[in-house]
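Student: I am new to this structure and should like a close look at one part of it. Please choose a single hairpin, describe it carefully, and then place it within the chain as a whole.

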Amino acid sequence: VSFVHRTTMGKGVTICMVDTPVDIFHPSFSNSLIETQDLIDYKPDDLDLMAHGTSVAGVLVSQNKLIGVAPKSKLLAISAFSTTKARPHTLQGSTANIAKAIDSCIQHKVDVINLSFTGGQDSLIESLVMKAISKGIIVIAAGGNGGHWGSTIYPALIPGVLAATAVDDKKNLFSMANKGRFIDYAAPGVEILTTAPGGKYTLATGTSLSSAHLSGIVALLLSQKHKQPIDAALTKTAVDLGKPGRDQEYGDGLVSASRALAIIKEQ
């Protein structure tokens, strides 16, 4: 992505993330454009609760050159999930709060919605996601880390949602990634350097990070204000992995920010 940053850093684009709270006082966010909205009650010193959201926000908009994919994009960080101390990466959220959060993303007329979580089918959440897509918002979700084949993973499975799976730096699939027809793209998601609460950094793994990576790349492309549909540009330029063509492990392949940007600039 560093090569692409010479052309775009995502300026003028707003990403909405529905996640846990974020440690916005992390030094790596000091010049980031972050607006927060809390739908859950929590104590500002509860760092464990912020672990997931902070790692996702870091990939999206951290000012650290090694971390943030779209550092000039604006981030609307809505906290709809909590976690327990024992399992800081297992998100717990009510349908009401998740729905309220997605609705808020729509009201704020954001460009991209990042949903780094998985759960069962829910008609209320599904209808709001469909509403966002109908308004031209690009919705991106995590493929999930259950290690399952062909299971029903929501919100990734909702029509029109772009679902991301995780690969390592050698383009190998993350061993616990879910596989199925709902996977659209692969993106980096194994041992990713990102922000951690309390001003720290961490190596994080999972499809939550690849979802954030995909959202960040989409923001970079959207900032180029062009007519080419983003999904088509991503599909056309993805690096095919696994079986030839689209498959249930890697989708259309590994997203390539530089190749997609080149196609878009030709328009």
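Tutor: In the hairpin formed by strands E8 and E9, three residues lie between the strands, and Gly198 has a positive phi near 80 degrees. This is a predicted model, in which local features need pLDDT of at least 70 and side-chain atom pairs count only at pLDDT 80 or more, while totals for chains, interfaces and linings use all residues. Residues are numbered from 1 along each chain as its sequence is written, and side-chain values use heavy atoms, with hydrogens and water left out.

Strands (E, at least two residues) and helices (H or I, at least four) are DSSP runs numbered from the N terminus. E8 and strand E9 (residues 200–204) run antiparallel and are joined by five bridges; two strands count as paired if DSSP finds at least two bridges between them. Within this pairing, Ala196 stands opposite Lys200 of E9. Strand E8 (residues 192–196) has four of its five residues buried, so the rest of the structure largely encloses it. Buried here means under 20% relative accessible area, exposed over 50%, and partly exposed in between, with a 1.4 Å probe and protein chains only.

The hairpin belongs to a chain with six helices and nine strands. The chain has a radius of gyration of 17 Å, close to the 18 Å that the globule rule gives for 267 residues, so it is as compact as a globular protein of that length. That radius is taken over C-alpha atoms, and the rule is 2.2 Å times the number of residues to the power 0.38. Of the 267 residues in the chain, 55% are buried.

The interior may be described next. The largest nonpolar core has 42 residues, and among those with the most contacts inside it are Met17, Leu60 and Leu214. Helix H4 (residues 207–222) supplies the largest share of this core, eight residues. Apart from it lies another core of 32 residues, including Ala80, Ile106, Val110 and Ile153. A nonpolar core is a set of buried Ala, Val, Leu, Ile, Met, Phe, Trp, Tyr and Cys residues joined through side-chain atoms within 4.5 Å. In soluble globular proteins, nonpolar side chains tend to be buried together.

Finally, Met17 touches Leu60, Leu75 and Asn114, among others, when residues up to four places away in sequence are not counted; a contact means heavy atoms within 4.5 Å.
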